[in-house]
Amino acid sequence: MSTPSAQVHPADSHDLIRVHGARENNLKDIDVELPKRRLTAFTGVSGSGKSSLVFGTIAADSQRLINETYSAFIQGFMTSQARPEVDFLDGLTTAIIVDQERIGGNARSTVGTVTDANALLRTLFSRVAEPSIGGPKAYSFNVPSVKASGAITVEKGHRKATKATFSVTGGMCPRCEGMGSVTDVDLEELYDEDKSLAEGAIKVPGYTGGGWNVRLFSGSGFVDADKPIKEFTQREMHDFLYKEPVRIKVEGINMTYEGLIPRIQKSMLSKDKESMQTHVRAFVDRAVTYVACPDCGGTRLTQGALSSTIEGKNIADLCSMQISDLADWVRNLEIPSVEPLMATLRHLLDSFVEIGLGYLSLDRSSGTLSGGEAQRAKMIRHLGSSLTDVTYVFDEPSIGLHPHDIERMNKLLLQLRDKGNTVLVVEHKPEMIRIADHVVDLGPGAGTDGGEVCFEGDVDGLLASDTITGKHLEDRVSPKETVRTPTGRLEIRGANRNNLQNVDVDIPLGVLTVVTGVAGSGKSSLLHGSLLKGTRAEDEGVVAIDQSPIKGSRRSNPATYTGLLDPIRKAFAKTNGVKPGLFSSNSEGACPTCNGAGVVFTDLGMMAGLSTVCEDCGGKRFQPEVLEYTFGDKDISEVLAMSVAQALEFFGSGESKVPAAHKILKRLDDVGLGYLSLGQPLTTLSGGERQRLKLASHMGEKGGVYILDEPTTGLHLADVEQLLGLLDQLVDSGKSVIVIEHHQAVMAHADWIIDLGPGAGHDGGRVVFEGTPTELIRSGSTTTGRHLKEYVES
């Protein structure tokens with residue numbers, strides 16, 4: 001009897017994700033086939049099109065197709081997504097995106113609230129804490145206590161008015177409204193009392209010039225706009241600063257007037273400070289002092305919530321504990337009546353520890369998490385999930401991770417894959433690329449020079465290929481034979497911010513210093529929290545370039561963000577004898593049809609909105625008469641279409657020479673952004689491009705000491721070499737450069753290393769090594785030393 005030949009079941013034949021004709025952003029009609037239930041790494045220089053392919057095409061279309069399975073009614077409440085620019089997509093599965101976007105935006109958002117740990121604790125306390133004060137809301141600092149009574153009429157059948165009472169017991173501290181801190185405003189920072197409103201007395205960002213914020217006060221009738229503020233009567237001063245909201249008519253328009261202090265409290269102080277624009281955050285730092293709320297002691301909770309305990313600890317005590325310690329406390333807690341809840345809570349807290357975030361506390365503000373910490377926090381809900389055949393999409397999960405922590409992250413990614421999931425990772429670190437089953441390398445360059453598939457295959461094939469990534473995957477930077485001699489030192493004494501344990505350390509000046517250590521060891525606390533708060537930092541002119549995201553809409557571009565457009569507009573205005581405002585697409589020169597956007601948006605309700613190129617300006621964003629004015633034979637739209645490299649040449653010599661513009665362009669070129677166009681929207685830039693754009697803009701500041709927070713974020717292996725040259729250039733020009741970094745190439749290139757640890761949280765916060773890279777490698781006494789030795793000698 002013959003055995004029938006084995007046949008593949010039709011359901012098992014869909015083992016590939018096929019992408020054909022992808023053209024999103026800079027992608028050039030590319031085709032790729034990705035194996036399912038494998039780990040695929042996407043590599044290439046920053047701006048080569050990795051995010052456009054993975055996030056903008058594959059993940060975006062997966063989410064769009066899932067949204068379309070809902071009814072039109074539900075879709076009307078969801079964010080609509082347009083179909084990506086691609087000919088054909090096949091084999092897609094449900095995509096779960098775990099990106100680098102910061103968590104926050106609300107000052108009440110904490111690690112506990114965004115991961116649902118607080119929700120579990122609140123439920124636990126509402127069931128078993130003594131004394132019992134109510135349901136879960138009674139332990140929430142986001143819920144105020146509310147009481148109401150009166151008559152209600154129900155419009156149903158025979159209308160009937162009945163008396164009703166309503167009450168909610170919330171956990172929000174009434175004084176600080178769940179913030180944990182109260183503010184004290186320095187009035188001298190709000191206004192100049194020697195000036196009148198007409199003379200620009202208000203110093204608050206957004207209240208300058210002839211804007212509506214100023215016109216509201218001037219035309220309110222409550223104050224005399226032409227009288228210096230110091231001459232205001234008591235009544236005028238009260239109305240100016242504290243008046244309750246009232247409807248008035250200003251210049252024929254109905255508006256709501258209220259005092260300056262409640263206005264800025266609503267517009268600025270109620271927001272997460274980390275999410276503010278740089279100049280607004282600087283104003284808040286100057287004008288506002290935050291002190292712990294005297295009623296709740298900074299816990300954000302009512303006295304009733306604080307009085308309710310389990311085993312002698314209230315919910316605020318548990319949220320302030322280091323999560324690894326909290327996990328141990330919960331593990332030793334046996335309450336059979338709520339065992340399912342306890343099991344879920346134990347798993348969640350253990351996931352924090354497993355993913356390397358055990359050093360955090362649940363009451364930590366989510367806005368203070370780094371990009372890497374935020375991404376790992378988002379991963380927590382997926383660890384232990386029973387879902388399979390899901391596509392997990394990660395955006396550089398190695399960000400913010402020490403080489404020791406990268407090993408742990410690799411294990412987690414492989415666990416997700418081995419459960420039967422497809423894992424797509426955009427990555428630059430060799431340690432993470434090497435574990436991939438499949439590699440897609442994009443390039444060969446960035447921007448318009450990228451968007452092509454340079455290699456597709458396994459890691460061995462990538463190493464043997466002639467691509468930029470293949471050539472640099474085995475790159476190693478050796479320690480310098482001779483290091484620079486310091487010209488001085490910055491002293492830090494008794495630093496105890498966060499987990500620092502009374503650290504005394506001297507940071508050498510005039511050299512390249514790298515501060516390293518495992519994630520959570522206290523690096524940022526030492527520099528941003530201790531060094532930047534000292535008076536010595538002001539004397540030395542310290543310029544800090546942190547990881548806070550760049551703010552900007554699709555109207556913002558490299559020219560506006562860096563201030564490059566200002567000297568360009570002035571040059572156009574001077575040459576043509578007109579106002580500079582004509583050469584702004586956000587001001588007088590904007591095309592009236594598209595309001596300077598270059599495209600016209602059509603809202604299609606629950607369907608994705610449609611954007612079409614403006615027919616009147618052809619996408620150039622300016623009025624036709626503005627484009628008649630030229631500078632160096634170029635109109636303003638042609639200048640904005642130039643790349644940084646082209647503009648550098650254009651504004652560097654001849655009749656079109658503009659030294660102020662050339663200086664800014666040179667900095668952009670130095671950080672490797674020569675391929676960017678001046679008018680490219682910031683929303684289309686990759687993470688690495690935004691980081692370097694920020695670095696270039698800060699390089700223009702006058703300072704003697706630069707503090708850089710992981711400048712290798714988003715950088716390709718080939719770009720790291722250029723970054724090291726840039727750091728050397730800064731030091732050789734007389735600057736002192738201090739870098740918080742985990743990349744071994746930067747460590748090896750340093751003149752001096754300060755290693756913090758030995759662990760994270762309360763297991764860190766100490767200086768475990770100070771010296772040169774060579775001495776660190778030779779000693780091998782720390783985790784960093786062992787990994788650096790392995791890197792150099794491999």
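# Figure legends: overview and close-up views of a predicted model

**Figure 1. Overall fold of the predicted model.** Contacts between residues 24 or more positions apart make up 66% of those in the protein with a separation of 6 or more. The secondary structure consists of 30 helices and 25 strands. The radius of gyration is 29 Å, close to the 28 Å that the globule rule gives for 794 residues, so the protein is as compact as a globular protein of that length. Along the principal axes, the C-alpha atoms fill a box of roughly 90 × 85 × 70 Å. Of the 794 residues, 52% count as buried. The accessible surface comes to about 36,300 Å², and carbon and sulfur atoms contribute 49% of that surface. The protein carries 82 positive and 103 negative charges, whose mean positions are 5 Å apart.

**Figure 2. Division into domains, with the pair formed by domain 4 and domain 5.** Domain 1 takes in residues 10–102 + 369–473, domain 2 residues 111–174 + 296–355, and domain 3 residues 181–292. Domain 4 covers 475–550 + 701–793, and domain 5 covers 558–684. The C-alpha centres of domain 4 and domain 5 are 38 Å apart. Contact between these two domains involves four residues of domain 4 and six residues of domain 5.

**Figure 3. Surroundings of Arg-18 in strand E1.** Strand E1 spans residues 16–22 and includes Arg-18. The relative accessibility of Arg-18 is 22%, so this residue counts as partly exposed; the buried class ends at 20%. Leaving out residues up to four places away in sequence, Arg-18 touches Val-32, Glu-33, Phe-88, Leu-89 and Asp-90. For one of these, Val-32, the C-alpha to C-alpha distance from Arg-18 is 6.1 Å, at a sequence separation of 14 residues.

**Figure 4. Two residues with positive phi, Arg-37 and Glu-177.** Most residues other than glycine have a negative phi. Arg-37 has a positive phi near 55°. This residue sits in the loop that runs between strand E2 (30–35) and strand E3 (39–43). With 30% relative accessibility, Arg-37 is classed as partly exposed. Glu-177 also has a positive phi, near 55°. Its loop lies between strand E7 (160–168) and strand E8 (181–185). At 48% relative accessibility, Glu-177 is partly exposed, because the exposed class begins over 50%.

**Figure 5. Cis peptide bonds ahead of Pro-131 and Pro-758.** Most peptide bonds are trans. The bond from Glu-130 to Pro-131 is cis, with omega near -10°. Pro-131 belongs to the loop between helix H4 (117–128) and strand E6 (146–154). Gly-757 and Pro-758 are likewise joined by a cis bond, with omega about 5°. Pro-758 is in the loop between strand E24 (752–757) and strand E25 (766–771).

**Figure 6. Ala-495 in strand E16.** Strand E16 comprises residues 488–495 and contains Ala-495. Ala-495 has 4% relative accessibility and therefore counts as buried, the cut-off being under 20%. Between Ala-495 and Gly-714, the C-alpha to C-alpha distance is 31 Å, and the two are 219 residues apart in sequence.

**Figure 7. Contacts of Cys-594.** Cys-594 is located in the loop between helix H22 (565–576) and strand E20 (599–602). Its relative accessibility of 6% places Cys-594 among the buried residues. Neighbours within four places in sequence aside, Cys-594 is in contact with Arg-555, Val-599, Val-600, Cys-614 and Cys-617. The C-alpha atoms of Cys-594 and Val-613 are 8.9 Å apart, with their positions 19 residues apart in sequence terms.

**Figure 8. Ser-643 in the loop between helix H23 and helix H24.** Helix H23 covers residues 636–640 and helix H24 residues 644–650, with Ser-643 in the loop between them. The relative accessible area of Ser-643 is 14%, so this serine is buried. Apart from residues up to four places away in sequence, Ser-643 touches Gly-674, Tyr-675, Leu-676 and Ser-677.

How values were computed:
Residues numbered from 1 in each chain as written. Predicted model: local features only at pLDDT ≥ 70, side-chain atom pairs only at ≥ 80, totals over all residues. Heavy atoms only, no water. Helix = DSSP H or I, 4+ residues; strand = E, 2+ residues; numbered from the N terminus. Rg over C-alpha atoms; globule rule 2.2 N^0.38 Å. Buried < 20%, exposed > 50% of the residue type's maximum accessible area, 1.4 Å probe, protein only. Contact = heavy atoms within 4.5 Å. Areas by Shrake-Rupley, 256 points an atom, 1.4 Å probe, with all protein chains shown as cover. Lys, Arg positive; Asp, Glu negative; His and termini not counted. Charge placed at Lys NZ, Arg CZ, Asp CG, Glu CD. Domains from an automatic or database assignment.
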